[in-house]
Amino acid sequence: MVVLAIQVLLVILAAYFSVIFIKDIMENKDDLGKGNWVVAFLIGFITDALDTLGIGSFAPTALALDATKQLESDRQLPGTLNVAHTIPVIVEAILFVKVVKVEPMTLFSLVIAAAVGSIFGSKIVAKMPERKVQLVMGIALIVTALLMGAKQLGWLDMLGTGNTAIGLTGFKLIIGIIGNAVFGALMTAGVGLYAPCMAMIYMLGVSPIVAMPIMMTSCAALMPVASREFIKTGNYARKISLGITVGGVIGVVLAVNFVSGLDMNILTWVIIAVVIYTGVNMLLKSKKAPSAA
């Protein structure tokens, strides 16, 4: 019953977001901005397949967009990341959330907290000038890479060793709600929610098996809410976002059905190294004189 309720909620959120997204695309169909359809499709296909396999999509997308120079300015990056990956992440969550071994109050409380946090985060990030966006994205990418490295080394998993709880109560639930609200806000700036949420859940004593439904549903719920603000302000790349969305949905479906057993260890370390490079490059760009930036 809980699984069905979650899936229905995700379908409603997908429909809500799709109406807003398509309406904005149609209103601006004569000028969808810079970008290449094929490149955007391939970026979405690859990065959302990687997300399905547990690597994440934000950091690889940021480095791919930077390498291929698809955006008119870095100011569009946070909005493009959120808008472009909303539908693929929802599809991913619907396909994966079949057995939810988590106490319902914990799940819904943390999911709602992440969505609320994303409202405030998106309002702030959408109005940032380009140099601040570059600074925030640079820090976000480096933090994401460090968290990815910690997960690869097994440090995050060690936090969950011996945990048996399937939910949070009392003061721990309050900490979880506040923490996920913060992570929801940070995700709008480019910091992926998966790794920090996982670390928090483990430190609060919850079983590792509970982390996945909380993380995945949190992202699927917060992204339509956060993306609305970026679409409202027009602070995202329309053509690129649409291309990534289409490629991303196909990448998720294929990854779920055909490549979920691949060993992604070496690829993950390569991505971590490139993400750090991209993050440092963003920080350097944020330090340039305004005319150069």
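**A walk from H8 to the largest pocket**

Over residues 171–195 the chain is 76% helix and 0% strand. The C-alpha atoms at the two ends of this stretch are 22 Å apart. The model shown here is predicted.

The UniProt record, an unreviewed entry, lists residues 171–195 as a "transmembrane region". It gives that label to other stretches too, among them 37–59 and 201–222. Take residues 37–59 next. Here the chain is 78% helix and 0% strand. The end C-alpha atoms of this stretch are 20 Å apart.

Now look at a pair of helices. Two packed helices are described by the angle between their axes and the distance between the axes. Helix H8 covers residues 170–187. Its axis and that of H9 come within 10 Å. They cross at roughly 170°. Angles over 145 degrees count as roughly antiparallel, so H8 and H9 are roughly antiparallel to each other.

Which residues in H8 and H9 meet? From H8 come Ile175, Gly176, Gly179, Asn180 and Phe183. From H9 come Pro196, Cys197 and Met200. By class, this contact has five nonpolar, three polar and no charged residues.

H9 leads on to the largest pocket. This pocket has a volume of about 620 Å³. Its lining takes in 38 residues. Gly54, Ile55, Gly56, Tyr194 and Ala195 lie nearest the centre of the pocket. Six elements are worth tracing around it: H2 (37–52), H3 (58–68), H4 (77–96), H6 (130–152), H9 (194–203) and H10 (208–233) each give two or more residues to the lining. H10 gives the most, with eight residues.

What classes make up the lining of the largest pocket? Its residues divide into 26 nonpolar, eight polar and four charged. Charged residues thus appear in the pocket lining, whereas the contact of H8 with H9 has none.

Technical notes:
Residues numbered from 1 in each chain as written. Predicted model: local features only at pLDDT ≥ 70, side-chain atom pairs only at ≥ 80, totals over all residues. Heavy atoms only, no water. UniProt positions renumbered as here; feature names shortened; annotations may be inferred. Helix = DSSP H or I, 4+ residues; strand = E, 2+ residues; numbered from the N terminus. 1 Å grid on protein atoms, 1.4 Å probe; cavity = no way out; pocket = protein on both sides within 12 Å on 5 of 7 lines; lining within 4 Å. Points joined across faces, edges and corners; volume = space filled by probe spheres on them. Nonpolar A, V, L, I, M, F, W, Y, C, P; charged D, E, K, R; others polar. Axes fitted to C-alpha atoms, helices over the stretch in contact; angles between N-to-C directions. Parallel < 35°, antiparallel > 145°, perpendicular 65-115°, else oblique. Contact = heavy atoms within 4.5 Å.
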